[in-house]
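Visitor: Could you take me through one part of this model up close? I'd like to go strand by strand, then see what sits around it.

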Amino acid sequence: MNNIAIGYYKTPAGELIIGSFQDHICLCDWRYRKQREHIDQRIKNGLNANFRHDFTTLHQELITQLESYFNGSLQQFTIPLLTVGTPFQKKVWQELQQLSYGSTVSYASLSRKLEQPEAIRAVATANGANAISILIPCHRMIGSNGSLTGYAGGLNAKKKLLQFEGALGNEQLDLFN
């Protein structure tokens, strides 16, 4: 059985669990999300591996890049990623990685971009199954009316990330006052 090296990192938006497997990040997700057990099991099964607490040089590189992101000097990550999911989920996650820093997209817009305009709920489900938060920027997904909708790290974390990136206008901030 293989091992996924895991460790934890506290960001200004919340605590992450970070996992690396064969020199790729396969997990960078909110430690206390509702689907934590389900997400972890999917990754373990998909990689035929178990979690082992370990801190690797790849973990340190990711933390360095996350710190640069949070101090405003990094807008695009260069860490090698390994996603574990269905072909449709991977397609959604690839599209999310094309979103520019500070931009947002609605679930409906992304489903149209994927040439599956009726797949709005499937896009939302794939977005929610993302296990590599921030690097695969699922926080940049918003409702068609511009509202902030569900987020694995909680709406407060999503709001912080979007504010940090300058993606929220005053009208969106008013939704939380």
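Guide: Start with strand β1, residues 2-11, which pairs with β2 in the antiparallel sense over 7 bridges. This is a predicted model, so keep that in mind as we go. The link from β1 to β2 is a hairpin, made through 2 residues. If you want a spot to click on, take T11: its bridge partner in β2 is G14.

Now move along to β2 itself, which covers residues 14-21. This strand is mostly covered, with 7 of its 8 residues buried. On its way out, β2 pairs again, this time with strand β3 (residues 24-30), in the antiparallel sense over 6 bridges. S20 is a handy marker here, as its bridge partner in β3 is I25. Between β2 and β3 there's another hairpin, again with 2 residues in between, and Q22 in that turn has a positive phi of about 45°. As a general point, side chains in a regular strand alternate between the two faces of the sheet.

Follow the chain past β3 and you come to R31, in the loop that leads to α1 (36-47). Is R31 buried or exposed? Neither, quite: R31 counts as partly exposed because its relative accessibility is 26%, and the partly exposed class runs between 20% and 50%. R31 also takes us back to β2, residues 14-21, through E15: the two are 16 residues apart along the chain, yet their C-alpha atoms are separated by 5.7 Å. Setting aside neighbours within four places in sequence, R31 is in contact with Y8, E15, L16, I17 and R36.

While you're here, have a look at the pockets too. The largest pocket has a volume of about 300 Å³. Of the 15 residues lining that pocket, Q75, Q76, F77, Q97 and L135 are the closest to its centre. Its lining splits into 9 nonpolar, 5 polar and 1 charged residues.

The second largest pocket holds about 220 Å³ of space. R33 is among the residues nearest its centre, along with G128, G150, Y151 and A152, out of 13 that line this pocket. Helix α5, residues 120-128, gives the most to that lining, with 3 residues. By class, the lining of the second largest pocket comes to 5 nonpolar, 6 polar and 2 charged residues.

Notes. Residues numbered from 1 in each chain as written. Predicted model: local features only at pLDDT ≥ 70, side-chain atom pairs only at ≥ 80, totals over all residues. Heavy atoms only, no water. 1 Å grid on protein atoms, 1.4 Å probe; cavity = no way out; pocket = protein on both sides within 12 Å on 5 of 7 lines; lining within 4 Å. Points joined across faces, edges and corners; volume = space filled by probe spheres on them. Nonpolar A, V, L, I, M, F, W, Y, C, P; charged D, E, K, R; others polar. Helix = DSSP H or I, 4+ residues; strand = E, 2+ residues; numbered from the N terminus. Buried < 20%, exposed > 50% of the residue type's maximum accessible area, 1.4 Å probe, protein only. Pairing = 2+ DSSP bridges. Contact = heavy atoms within 4.5 Å.
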